[in-house]
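Trainee: Could you walk me through this model before I head back to the bench? I'd like to take it one question at a time.

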Amino acid sequence: AQIAIACALSTGGVALLMSYGRLMKIEPGFGVAHRQVASLSLTANNNTSTILNAVSAMLGIKSAAMASIAPGTIGGPRTGIRLATDPPAQTIEAAKKAFFRITTPAFMRTAGIRIIEGREFADADSLTSTRVMIVSRTLAARYFPGQDVLGRAMITPFDAQPWTVVGIVDDIRQLGLDQDAYPEMYFPLAQWTFGKLTTLDLLVESATQPIAESTLRHTIAAAAPGVAIDKVRMMSERLNESTASRYFETSLMGTFSTVALLIALSGLYSVIAYLVEMRRHEIAVRMAVGASPSQVVRMITLEGAAMGAAGCLIGAGAAFALRTFAQPFLFAVAPGDPMLLAQVAAAVWIAVVIASIAPATRAGRSPVLTLLHSD
């Protein structure tokens, strides 16, 4: 029973470990290295351009930008989108919906989001110029397949005035690394008139080393007195937060499976040692009539191996039966994969055989007379 439980838990632990490893290889769609994020609570007198100019002038800063929500945040606000030539959707369910962010110029470059076509926002995109927007690759492909949306006019529920698409950018996984990218669109902060944004995320990219938090805070405070600055965090920290639950599940299952396997091996060692003690006269007689120590070791080891094989078979069967329950916790790994089950069962069985060798070897090395007179 211990071996079966250990085999089943080990299968789950290995599957979660493989799942987490494959998850961490997924590209989030935005840059992580050398990037920091700080959430700013602005007042009516704060000017975002002043803050960006001051931060951009800092030694070691490559680029700086602001957004209503920085990459790495799970979810966000959504709204509808349609071509200006298309009729409005009749129901909410039929509407084309997308996440949206309000950003400053240089946001794509600073965030490391690849521009596929067109351009990103520029300083010339102001209240007096044509209203522009940027859409993600998934938005263009899902809602307007086979159409070139670059330069097309789009309508949103904000008002009846059109926005011209000036760029198509790569997707970011805003729902988590284990979820497909959702349609997304971007609007320039300078043209946003639908409510005052009192909170913005400041994103900075440094050339080599991260900028000291105290230095960044001092620069922002000097440029915009009264602004409230939340904790400055590395982009890698934000990304790790989105995978924290997966990491916890993997660590917990790995710990349980390791403990269960150690208990099973120690239990098997104890059982075989007890059986050897109970059969000491039988072993002595076998050796007295000509059985070699190696034959005794082989006999006892094979008995342990048989016990281990039965436990591993039951454990693998239990793991296969629970595959439907395990599926929601896995990413790009099939819980009932026969190859995975076979490899884990084989590894556990080998560990069982190794645990059987020690008491078997001790029995084979014991003198015959000692075994006969042990009572």
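Trainee: Of the contacts in the chain with a separation of 6 or more, what percentage comes from residues 24 or more positions apart?

Mentor: First, a word on the ground rules: this is a predicted model, where local features need pLDDT of at least 70, side-chain atom pairs count only at pLDDT 80 or more, and totals for chains, interfaces and linings use all residues. Residues are numbered from 1 along each chain as its sequence is written, and side-chain values use heavy atoms, with hydrogens and water left out. Contact here means heavy atoms within 4.5 Å. Among contacts with a separation of 6 or more, the share from residues 24 or more positions apart is 81%.

Trainee: What is the radius of gyration of the chain, and is the chain compact or spread out?

Mentor: The chain has 12 helices and 13 strands, which are DSSP runs numbered from the N terminus (helices are H or I, at least four residues; strands are E, at least two). The globule rule (2.2 Å times the number of residues to the power 0.38, with the radius taken over C-alpha atoms) gives 21 Å for 375 residues. The C-alpha trace spans about 105 × 50 × 30 Å along its principal axes. The chain is more spread out than a compact globule, because its radius of gyration is well over that value, at 32 Å.

Trainee: How many residues of strand E7 are buried?

Mentor: Buried means under 20% relative accessible area, with exposed over 50% and partly exposed in between (1.4 Å probe, protein chains only). In E7, Val132, Ile134 and Ser136 point one way and Met133 and Val135 the other way, and all are buried. E7, residues 132–136, is therefore largely enclosed by the rest of the structure, and the count is 5 of the 5 residues.

Trainee: Which strand pairs with E7 in the antiparallel sense?

Mentor: Two strands pair if DSSP finds at least two bridges between them. E7 pairs with E9 (residues 163–169) in the parallel sense over 5 bridges, and there Ile134 stands opposite Gly167. On the antiparallel side, Val135 stands opposite Met185, and the partner, with 2 bridges, is E10.

Trainee: What is the relative accessibility of Ser136?

Mentor: Ser136 sits in strand E7. Not counting residues up to four places away in sequence, Ser136 touches Ile168, Val169, Asp171, Tyr182, Pro183 and Glu184. Ser136 counts as buried, with a relative accessibility of 2%.

Trainee: Which strand gives the largest share of the largest nonpolar core?

Mentor: A nonpolar core is a set of buried Ala, Val, Leu, Ile, Met, Phe, Trp, Tyr and Cys residues joined through side-chain atoms within 4.5 Å. The largest has 42 residues, and Leu40, Val55, Met133, Met185 and Ile220 touch the most other members. Its largest share, 4 residues, comes from residues 97–103, strand E5.

Trainee: How many disulfides are there?

Mentor: A disulfide is a covalent bond between the sulfur atoms of two cysteines, and the cut-off here is a pair of cysteine sulfur atoms within 2.5 Å. The closest cysteine sulfur to that of Cys7 is in Cys312, at 4.6 Å, too far for a bond. Cys7 is buried at 0% relative accessible area, and Cys312 is buried at 4%. The number of disulfides is 0.
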